[in-house]
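Please look at the sequence and the structure below, and then follow the explanation step by step.

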Amino acid sequence: MTIEAQLTQMQNQILNLTHLVQLAITSLHTKKDVARFLNKSEKTIDNYIKNDTFIENKHYFINENQKIEFIPNAILEFKKNPKHKIKILETQKEEKIQLSETSSKILKGIL
């Protein structure tokens, strides 16, 4: 088998796998399916919507029946991208004021 034939065969296999994956992820429209796929609870999915971790018209949209419907490709990308799991906490440094000896004695006498 020539290299070109092997590459063509591999390309066909990749296309077949792509179609199978697309069929598999089309079931990611409901909250229950998304929760199962992300291994989260439905309550967590609600929280993602409430705190804008899931962005409207990117991860989900409101359909004509006023129900939330998820966008499978965006959910797949969300799972691949771990940035949503990282919370950046800002630490505030406490400023300490160094008083002179005289100032310290004055304040101690007042308090």
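**One helix, two sides**

On one side of helix H4, which spans residues 72–80, Asn73 and Lys80 are exposed. The model in which we see this is a predicted one. The other side of H4 is where to look next: Pro72, Ala74, Ile75 and Phe78 of this helix are buried, and because they cover an arc of only 165° around the axis, they lie on the same side of H4. A general rule helps in reading such a pattern: an α-helix has 3.6 residues a turn, so residues three or four places apart point the same way.

From this single helix we can step back to the chain, which contains five helices and two strands, arranged along the sequence in the pattern α-α-α-β-β-α-α. Of the 111 residues in the chain, 15% are buried, while the accessible surface of the chain comes to about 9800 Å², with 55% of that surface belonging to carbon and sulfur atoms. Among the contacts in the chain with a separation of 6 or more, 37% are accounted for by residues 24 or more positions apart.

How, then, do two of the helices pack, namely H2 and H3? Helix H2, residues 31–38, and helix H3, residues 42–50, meet at an angle of about 100°, and their axes are 9 Å apart; the two helices are therefore roughly perpendicular to each other. On the side of H2 the contact is made by Lys31, Lys32, Val34, Ala35 and Leu38, and on the side of H3 by Glu42, Ile45 and Asp46. Sorted by class, this contact of H2 with H3 has four nonpolar and four charged residues, but no polar ones.

Methods
Residues numbered from 1 in each chain as written. Predicted model: local features only at pLDDT ≥ 70, side-chain atom pairs only at ≥ 80, totals over all residues. Heavy atoms only, no water. Axes fitted to C-alpha atoms, helices over the stretch in contact; angles between N-to-C directions. Helix = DSSP H or I, 4+ residues; strand = E, 2+ residues; numbered from the N terminus. Parallel < 35°, antiparallel > 145°, perpendicular 65-115°, else oblique. Contact = heavy atoms within 4.5 Å. Nonpolar A, V, L, I, M, F, W, Y, C, P; charged D, E, K, R; others polar. Buried < 20%, exposed > 50% of the residue type's maximum accessible area, 1.4 Å probe, protein only. Arc of directions from axis to C-beta. Areas by Shrake-Rupley, 256 points an atom, 1.4 Å probe, with all protein chains shown as cover.
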